[in-house]
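I opened my notebook to look through a new protein model. Here is what I looked up, step by step.

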Amino acid sequence: MGYLYMRMKSRGHFVVKDSLTEALLQLMSEKPFAEITVTELTDKAGISRATYYRNYSSKEEIISGFMTRMIDDFHKTYNITKIADRFVREYADYMLEYTRKYNALLHLVYDSGLSSIYLGCLNRYVLKKHSEEIQSEKDYYLLLGYCGAEFNLIFSGVIAREGDRQVDPEEISVMFESA
């Protein structure tokens, strides 16, 4: 099998994953996550059940893939080289602005009780990105604490619904700067 074949196969793999993600998010806007069946999902995505199971073992895995791509894309546009870069106002401003772009999708995830998937993806990304900087158990837990703080700011404030406590982005930026 040549290079071109492998490239085409890889591209097809991404098309399948994107189709399933889009279909799942659409269905989540129509009905509760727990009520969405694999058959509904594959019909909406236009793929077979066999293709679904070749790529995913659960609907949650689709959400995890989406969240991982979102976090990866964020870090491609805002390159962080060391842990300290996460505690500057510029980072906080950019993170808050970036997550607002995904407000509707993050609401779907939150309303479905799946926001912990985001936290797991963020934890994995940050721990991997900064693995060489972790010198002690304390560093490890501080990073996890940071991830929890970022998660809570996003899901408890930035994407808050009307009537929820609204977090002032300026306030958050100042908190980051003083951390």
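My entries go from the overall picture down to single residues.

**Overall picture**

First note to self: this is a predicted model. I counted helices and strands and got 9 helices and 0 strands. Reading from the N terminus, I just wrote α-α-α-α-α-α-α-α-α.

Next I checked how much is tucked away. Of the 179 residues in the protein, 42% are buried. The accessible surface comes to about 10,400 Å², and carbon and sulfur atoms own 54% of that surface.

I also looked at contacts with a sequence separation of 6 or more. Residues 24 or more positions apart make up 66% of them.

**Helix α2**

Which residues of helix α2 are buried? In this helix, residues 38-45, I found Val38, Leu41, Thr42 and Ala45. Looking down the axis of α2, I saw these buried residues fall within an arc of 95°, so they line one face of the helix. That made me recall a rule: an α-helix has 3.6 residues a turn, so residues three or four places apart point the same way.

Just past the end of α2 sits Gly46, and its phi is positive, about 75°.

**Helix α6**

I did the same for helix α6, residues 103-111. Its buried residues are Leu106, His107, Leu108 and Val109. Just after α6 I noted Gly113, with a positive phi of about 75°.

**Ser115 and Ile71**

Ser115 belongs to helix α7, which covers residues 115-129. Is Ser115 buried or exposed? Its relative accessibility is 13%, so Ser115 counts as buried. Leaving out residues up to four places away in sequence, Ser115 touches Val109, Tyr110, Phe151 and Phe155. I had already met Val109 among the buried residues of α6.

Ile71 is in helix α4, residues 59-77. With a relative accessibility of 3%, Ile71 counts as buried. Again skipping residues up to four places away in sequence, I listed what Ile71 touches: Tyr118, Cys121, Leu122 and Tyr125. I also checked Ile71 against Thr99: they are 28 residues apart in sequence, and 9.6 Å apart in space from C-alpha to C-alpha.

**Cysteines**

How many disulfides are there? I got 0. For the record, a disulfide is a covalent bond between the sulfur atoms of two cysteines. I looked up two cysteines anyway. Cys121, which Ile71 touches, is buried at a relative accessible area of 4%. Cys147 is buried too, with 1%.

**Aromatic rings**

Then I went after the rings, and the count came to 16 aromatic pairs. One of them is Tyr140 with Tyr141, an edge-to-face pair. Their centres are 5.0 Å apart, and the angle between the planes is 85°. Tyr140 has 32% relative accessibility, so I put it down as partly exposed; the cut-off for buried is under 20%.

Which residues form one aromatic cluster? I wrote down Phe66, Phe74, Tyr78, Tyr91, Tyr94, Tyr98, Tyr102 and Tyr146.

Last ring of the day: Phe33. Lys59 lies over the face of Phe33, and I noted 4.5 Å from the ring centre.

Key:
Residues are numbered from 1 along each chain as its sequence is written. This is a predicted model: local features need pLDDT of at least 70, side-chain atom pairs count only at pLDDT 80 or more; totals for chains, interfaces and linings use all residues. Side-chain values use heavy atoms; hydrogens and water are left out. Buried means under 20% relative accessible area, exposed over 50%, partly exposed in between (1.4 Å probe, protein chains only). Helices (H or I, at least four residues) and strands (E, at least two) are DSSP runs, numbered from the N terminus. The arc is that of the directions from the helix axis to the C-beta atoms. Contact means heavy atoms within 4.5 Å. Accessible areas come from the Shrake-Rupley method with a 1.4 Å probe; for residues, only the protein chains shown count as cover. Rings of Phe, Tyr and Trp (its six-membered ring) pair if their centres lie within 6.5 Å; planes under 30 degrees apart count as stacked, over 60 as edge-to-face and the rest as tilted. A charge sits over a ring if NZ of Lys or CZ of Arg is within 6 Å of the ring centre and within 35 degrees of the ring normal. A disulfide is a pair of cysteine sulfur atoms within 2.5 Å.
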